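Student: I'm new to this one and I'd like to learn how the labels get assigned. Can we take them one by one?
Tutor: Sure, let's have a look.

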Amino acid sequence: MAIDPGLRRLALGTLLAAFPGDTAPEWAVTLLAEGLAGHTLFGTNVTDPAQVARLTARLREGRDDALIAIDEEGGDVTRLAHRTGSPYPGNAALGAVDDENLTRAVYAAIGADLVAAGINLDLAPTVDVNTADDNPIIGTRSFGADPLLVARHARAAVEGLQSAGVAACAKHFPGHGATVSDSHLSLPTVDVPLEVLRDRDLPPFATVAASARAVMSAHIRVPALTGDDPATFSRAALQGLLRDELGFRGTIITDALEMAGAAASAGGIPQAAVRALTAGADLLCIGAKVDAALVEAVAAAVATGVPAARLEEAVFRTAELASWTAKHRTLLNYDDDLGLAAARRAVRVEGSLDELASPLVVHLVSGYSIAEGRVPWGLAPHLNGTEQVEIVAADASPSDLTARAGARPIVIVGRHTHRKPETRALVEQLAAAHAVGVVEMGWPSSWRPARVRAFVTTHGASRANGRAAAEALGLAPA
């Protein structure tokens with residue numbers, strides 16, 4: 001069925017597409033000329049800063065005011081530095097330091113990096129209040145578990161990014177921090193009364209509602225608010241709560257519609273797009289696995305399934321967002337050591353490091369979330385000759401490790417070390433017979449193994465966090 005060209009252009013104006021590789025395919029540029037709102041860049045699109053700048057310049061040959069978005073949160077979620085790890089600590093570290101000026105400065109530096117790369121929309125900051133210690137998808141991406149602390153740093157992060165002329169997108173509304181499942185893989189449910197949501201999850205969004213240029217919806221179900229649907233498909237959440245109650249007037253952006261929390265709920269990405277726009281979303285992230293055929297299929301579904309007036313409203317807000325970035329783009333200068341200085345301030349040491357000199361470093365291999373991707377982490381780049389071994393806890397022998405260490409102490413480096421019984425058991429067995437220290441680079445927990453000499457918490461696993469931990473242990477020059 002032929003689609004009216006005007007409706008097709010409107011439909012394209014609601015879409016953030018994507019493409020594979022470090023150069024832009026012709027269709028990606030052509031669709032921008034035909035009205036596509038923009039593209040999201042992922043790690044697969046990035047090799048180095050100069051290449052990204054060339055890539056974004058090529059995209060803007062399609063349309064100069066295109067939105068070029070990226071998930072650049074600093075810390076554990078980085079696209080620009082996915083090959084090395086971020087030079088900035090993430091939100092958990094900034095929340096632990098609790099210096100709003102530092103948070104503002106770190107996000108301004110991230111904004112400066114994005115401006116230099118030709119990117120004008122950052123799908124950050126994460127402003128979820130991480131109240132579930134075993135949250136598999138938020139964790140160190142959150143500033144903390146205190147709603148008021150998170151709100152203060154959310155405001156500072158938004159101000160920092162937008163001081164560079166990069167639009168900030170606060171996420172994931174109405175709050176992904178109390179979940180124990182990943183919306184990439186399923187539809188999480190937060191089954192609490194609205195009063196709990198208002199007290200616990202909403203303060204950061206209320207704080208940035210007047211300043212953030214965009215807010216991202218979460219593919220989570222809150223029965224008291226959204227019924228059986230994810231928030232992305234809920235008019236009560238997007239229009240009633242976010243716009244009418246909190247007063248947000250910017251652009252509502254969806255989390256990626258390919259995620260199971262959206263696509264599986266709707267029966268596919270095109271259907272999810274129609275439902276999200278109808279609920280009040282303005283800009284649709286289609287996801288990472290996109291080609292020209294998928295963009296056209298989504299545009300066709302939107303053009304035929306969403307009233308023209310709703311499309312016009314969404315495109316107007318998206319165009320306003322792009323216009324704002326063009327007017328406010330600023331080249332900022334900042335200290336190259338800012339990220340490391342911030343990471344140093346976030347390190348917390350319990351116990352004594354005196355018995356941990358010249359150790360054997362044992363790196364616990366762990367998985368990664370879909371949001372993070374496979375990004376290097378740990379102390380290895382900073383060890384200055386200190387021996388490190390990588391192990392899988394379930395396959396490790398405590399006696400083999402102590403034999404290898406000999407007279408040397410052992411420093412165990414892990415992420416979310418407390419979550420697996422086999423990992424806890426390994427640490428506790430080693431500490432019972434040997435001088436052992438632990439470096440925790442994930443979300444901090446209350447678990448402390450008996451007889452461990454020192455427990456070091458970094459509040460994140462970025463390259464900056466790893467360097468700061470190595471310095472604290474005396475394994476890298478301070």
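Tutor: Keep in mind that this is a predicted model. Let's begin with enclosed space: searching the whole structure turns up one cavity of 30 Å³ or more.

Student: What makes it a cavity and not a pocket?

Tutor: In a cavity a 1.4 Å probe fits but cannot get out, while a pocket is an open set of points. The largest cavity has a volume of about 70 Å³, and that passes the 30 Å³ mark used in the search.

Student: Which residues line the largest cavity?

Tutor: The lining is made of G75, D76, Y368, E372, G373, V375, P376, W377, R415, A461 and S462. By class, that gives five nonpolar, three polar and three charged residues.

Student: How do you know that G75 goes with the polar ones?

Tutor: The rule counts Gly among the polar residues, so G75 lands there.

Student: And what about open space? What is the volume of the largest pocket?

Tutor: The largest pocket comes to about 780 Å³. It has 34 lining residues, and the closest to its centre are F42, R79, A288, I370 and A371. The lining splits into 14 nonpolar, ten polar and ten charged residues.

Student: How much space lies in the second largest pocket?

Tutor: About 530 Å³. Of its 29 lining residues, S366, G367, R415, H416 and K420 are the closest to the centre. Here the classes are twelve nonpolar, ten polar and seven charged.

Student: R415 came up in the cavity lining too. What does its charged end sit over?

Tutor: The ring of W377, at 4.8 Å from the ring centre. The cut-off for that distance is 6 Å, so 4.8 Å is inside it. W377 is also one of the residues lining the largest cavity.

Student: Now for charges. Why is the contact of R104 with E159 called a salt bridge?

Tutor: The closest N and O atoms of R104 and E159 are 2.8 Å apart. The limit is 4 Å, so the pair qualifies. R104 is in helix α5 and E159 in helix α6, so the bridge ties together parts 55 residues apart in sequence.

Student: Are R104 and E159 buried or exposed?

Tutor: Neither label fits. Buried needs under 20% and exposed needs over 50%. R104 has 25% relative accessibility, so it counts as partly exposed, and E159, at 34%, is partly exposed as well.

Student: How do you know that D229 and R275 form a salt bridge?

Tutor: Their closest N and O atoms are 2.9 Å apart, and the rule asks for within 4 Å. D229 lies in the loop between α9 and α10, and R275 in helix α12, so parts 46 residues apart in sequence are tied together. D229, at 23%, is partly exposed, and so is R275, at 31%.

Student: What about E387 and R404?

Tutor: Their side chains meet at 2.7 Å, N to O, in a salt bridge. E387 belongs to the loop between β10 and β11 and R404 to helix α16, so this pair ties together parts 17 residues apart in sequence.

Student: How many salt bridges does the whole structure have?

Tutor: The search finds 30. Some are linked up: R243, D282, R310, E313 and R317 are in a network of salt bridges.

Student: Last topic, rings. What makes F173 and F205 an edge-to-face pair?

Tutor: The ring centres are 5.2 Å apart and the planes stand at 90 degrees. Pairing needs centres within 6.5 Å, and edge-to-face needs over 60 degrees, so both tests are passed. F173 is in strand β5 and F205 in helix α8, so the pair ties together parts 32 residues apart in sequence.

Student: Why is F173 called buried?

Tutor: Its relative accessible area is 0%, and buried means under 20%. F205, at 1%, counts as buried too.

Student: What kind of pair do W447 and F455 form?

Tutor: An edge-to-face one: 6.4 Å centre to centre, with 80 degrees between the planes. The 6.4 Å falls within the 6.5 Å limit and 80 degrees is over 60, so the label holds. Both W447 and F455 are buried. F455 has another partner: R448 lies over its face, at 4.0 Å from the ring centre.

Conventions
Residues numbered from 1 in each chain as written. Heavy atoms only, no water. 1 Å grid on protein atoms, 1.4 Å probe; cavity = no way out; pocket = protein on both sides within 12 Å on 5 of 7 lines; lining within 4 Å. Points joined across faces, edges and corners; volume = space filled by probe spheres on them. Helix = DSSP H or I, 4+ residues; strand = E, 2+ residues; numbered from the N terminus. Buried < 20%, exposed > 50% of the residue type's maximum accessible area, 1.4 Å probe, protein only. Phe/Tyr/Trp six-rings, centres within 6.5 Å; stacked < 30°, edge-to-face > 60°. Lys NZ or Arg CZ within 6 Å of the ring centre and 35° of its normal.
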